[in-house]
Amino acid sequence: MLSAVYTLCQAKVRHLMDKTLRFSELERLIPQATPKMLAQQLRDLERSGFLLRKVYPVVPPKVEYSLSAQGKTLIPILDVMCDWGREYMARNEMTEKCCGREA
C-alpha cells in the first residue's frame with residue numbers, strides 16, 4: 001500500500017486532480033516505473049479506493065485513471081511528504097529529483 005501511495009505521489013497527483021490520464025500518459029510521468037510495476041500499483045490504488053479506472057470497449061484498449069474523492073484527501077499528506085523529502089535531500093546534498101523537482 002505504501003509503495004502504491006508513493007507511486008501516486010510520483011504520478012504528479014496535481015495532474016490527476018483536475019483531469020483523467022491514460023496509462024501511457026502516466027508512464028511518461030513516471031519513467032522509472034516499468035509498465036508491469038505501474039499497472040500493479042495502479043490496480044492496488046484502485047482496489048484501495050484512491051483511483052477510479054474507466055475501461056472503454058475499443059481496440060486497442062483504452063483505460064483512463066482519475067483520483068477518487070478518497071484519493072484527493074491524500075493530496076495534502078503527499079505535499080508534506082514531498083516537502084520533507086526535498087528538505088532531506090538538500091540537507092544531505094543529494095541532487096536526484098524528488099516529486100518531479102530537483103532537491
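Which residues have the most contacts inside the largest nonpolar core? Keep that in mind while you set up the view; this is a predicted model, and the tour below moves from the whole chain to single residues.

**The whole chain**

Start with everything in cartoon. You should find 6 helices and 5 strands, and reading along the sequence gives the pattern α-α-β-α-α-β-β-α-α-β-β. Now switch on a surface: the accessible area of the chain comes to about 6700 Å², with 58% of that belonging to carbon and sulfur atoms. Of the 103 residues, 35% are buried. If you like contact maps, note that among contacts with a separation of 6 or more, 40% join residues 24 or more positions apart.

**The core**

Back to the opening question. Select Leu16, Leu26, Leu38, Leu42, Leu51, Tyr65 and Leu67 and show their side chains: these have the most contacts inside the largest nonpolar core, which has 16 residues. Next, colour H4, E3 and H6, the elements that give two or more residues to this core.

**Helix H4**

Zoom in on residues 35-47, which make up helix H4. The helix has 13 residues, and from its first C-alpha to its last it reaches 18 Å, close to the 18 Å expected at 1.5 Å a residue. Which residues of H4 are buried? Select Leu38, Ala39, Gln41, Leu42 and Leu45 to see them. Two of the names, Leu38 and Leu42, will be familiar from the core list. Then move past the end of the helix to Gly49, which follows H4 and has a positive phi, near 90°.

**Two serines and their neighbours**

Stay with Gly49 on screen and add Ser68. Leaving out residues up to four places away in sequence, Ser68 touches Gly49, Phe50, Leu51 and Leu52. Ser68 sits in the loop between E3 and helix H5 (69-72). Is Ser68 buried or exposed? Its relative accessibility is 6%, so Ser68 counts as buried, the cut-off being under 20%.

Now select Ser66, in strand E3. Ser66 also counts as buried, because its relative accessibility is 16%. With neighbours within four places in sequence set aside, its contacts are Leu16, Lys19, Thr20, Phe50, Leu51 and Leu52. Phe50, Leu51 and Leu52 are thus contacts of Ser66 and are touched by Ser68 as well.

**A cis proline**

Walk back along the chain to the loop between strand E2 (51-56) and strand E3 (62-67), where Pro60 lies. Check the omega of the peptide bond from Val59 to Pro60: it is near 0°, and the bond is cis.

**A pair apart in sequence**

Select Glu25, in helix H3 (residues 23-29), together with Glu64. How many residues apart in sequence are Glu25 and Glu64? They are 39 residues apart, while their C-alpha atoms are 9.6 Å apart in space. Glu25 counts as partly exposed, because its relative accessibility is 28%, which falls between the 20% and 50% limits.

**Out to the surface**

For the last stop, bring the surface back and select Trp84, Tyr88 and Met94. These residues form a nonpolar patch, with about 320 Å² of accessible area together. Tyr88 belongs to helix H6 (residues 75-91), one of the elements that also give two or more residues to the core. Tyr88 itself is partly exposed, with a relative accessible area of 36%.

Conventions: Residues numbered from 1 in each chain as written. Predicted model: local features only at pLDDT ≥ 70, side-chain atom pairs only at ≥ 80, totals over all residues. Heavy atoms only, no water. Helix = DSSP H or I, 4+ residues; strand = E, 2+ residues; numbered from the N terminus. Expected span 1.5 Å × (residues − 1). Buried < 20%, exposed > 50% of the residue type's maximum accessible area, 1.4 Å probe, protein only. Patch = residues over 30% accessible without salt bridge, like charges linked within 9 Å, V, L, I, M, F, W, Y side chains within 5 Å. Areas by Shrake-Rupley, 256 points an atom, 1.4 Å probe, with all protein chains shown as cover. Salt bridge = Lys/Arg side-chain N within 4 Å of Asp/Glu carboxyl O. Core = buried A, V, L, I, M, F, W, Y, C linked by side-chain atoms within 4.5 Å. Contact = heavy atoms within 4.5 Å.
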